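Hi there,

Here is the structure I promised to pass on. Have a look at it first, then read my notes below.

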Amino acid sequence: MVPHGNNDLMMKMTTAPLAARILVAALSATVAGCGGGGSEASKSSVPSASTPTTPTTPTTPTTPTTPTTPTTPSPGGMAAINVNNRAEVAAFYNATMLPAFSVPMQWTGSTQGCLAGTTSAEYKAAVVNTVNSFRVLAGLPGNVSLNATHSEMAQQAALMMEANSQLSHSPPSSWNCYTADGATAAGSANLALGNAGPNAVRAYIADSGTTSLGHRRWVLYSRLGEVGTGDTTRANALWVFGGNVAAPAAVAETGIAWPARGYVPWTSKVADPSHPWSFSLPGADFGGASVSMSNDQGKPLSVGNVGPLPDGYGDNTMSWTLTANSSEWSRAPGDTKFNVSISNVKVGGQAKSFQYSVTFFVP
């Protein structure tokens, strides 16, 4: 079950001190591309969710934590893969990414008595693993680490969302199970109700129905260095502020595409062509940018909703949707290739273009 629904509140962070920007969007009760299990081989889209709730991104955090001087990324983490090698991406999905979704939560808390409790170390590791897995698929370093202090606070935030059956980045002190630490975490985190752990991260990446794609952009932020995670049976708080690192040098040349360039597992746990497409580039001006797509035979495919997204949600980003009928592009259960061309992206006043291909396959 992937969360989507009403009243999505999104946090905007500028490169100067943090500033709040709340976007409220009324979303549909079910969202295509957010289904559960079953065979992936015969579908051209992932089934819709059945019990939607909205993941949200942070409003103004209580204490801005973005450092003025980026730190050096920590060594280690998840190894890079060759995203242009189908077998390697399939092995990565099956051996590294998929198992995280089966790790038991073992939550020790309860809304009765307002006990935040904790989750197992293995479950927290599974959340970080899922964040890093999506980043590796997107060509980013998989070295995001877990901040234990932020996780303890995020655990209190998740309990508050669970206890009140709603989401807020500025929960009032009258809320059930309110704590000041939980409120601080709520203002610094992506929030989900209806999903927890790795499934919440999956929902943040899909971000269907979220006009700014803020959840996705924070998880795939080029400077993300650490996260905190709090989880209950139905809720997740993923702390994404602070602990920023220097962006990888390669990002300035390649950008961050989602769905990612190269081979992408076409499963309900990773990506679907019906989800919004996005391209991020630090400091870029997408105001005059355009995008075109074609299928594996070079036939142009119609796209819609092309344009820049509000700056400040992670890296600067543009997005679009694939509006062409699936009969024009789907080769399921075989591999389905798209060619993407983005033009007139302004970087430092100079126009740049980007071309890449995305091949969806059933792992």
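**What I found**

Right after helix 2 comes G139, which has a positive phi, near 85°. Keep in mind that this is a predicted model.

Helix 2 itself is made of 17 residues and spans 24 Å from its first C-alpha to its last, close to the 24 Å expected at 1.5 Å a residue. Is it out in the open or enclosed? Largely enclosed by the rest of the structure, because 14 of its 17 residues are buried.

Helix 5 (residues 197–206) is mostly covered too, with 9 of its 10 residues buried. Among them are P198, V201, Y204 and I205. So what does the covering? Helix 2 (121–137) turns up again here, and the cover also includes helix 6 (214–219), strand 2 (189–193), strand 3 (226–231), strand 4 (235–239) and strand 5 (256–258). Just past the end of helix 5, look for D207, where phi is positive at about 50°.

Now for the sheet. It is an open one with 5 strands in the order 6-13-12-8-9, and the pairing is mixed. Strand 6 (262–265) and strand 9 (300–301) are at the edges with a single partner strand each, so each has one side without a neighbour in the sheet. Strand 9 runs antiparallel to strand 8 (residues 290–294), and 2 bridges join them. In one of these pairings, M293 has L301 of strand 9 as its bridge partner.

Finally, find helix 1 (residues 86–97), which lies across strand 6 and strand 13 (350–361) and runs at about 30° to strand 6.

Cheers

Definitions and conventions: Residues are numbered from 1 along each chain as its sequence is written. This is a predicted model: local features need pLDDT of at least 70, side-chain atom pairs count only at pLDDT 80 or more; totals for chains, interfaces and linings use all residues. Side-chain values use heavy atoms; hydrogens and water are left out. Two strands pair if DSSP finds at least two bridges between them. Helices (H or I, at least four residues) and strands (E, at least two) are DSSP runs, numbered from the N terminus. Contact means heavy atoms within 4.5 Å. Axes are lines fitted to C-alpha atoms, for helices over the stretch in contact, and angles run from 0 to 180 degrees between N-to-C directions. Buried means under 20% relative accessible area, exposed over 50%, partly exposed in between (1.4 Å probe, protein chains only). The expected span of a helix is 1.5 Å times one less than its number of residues.
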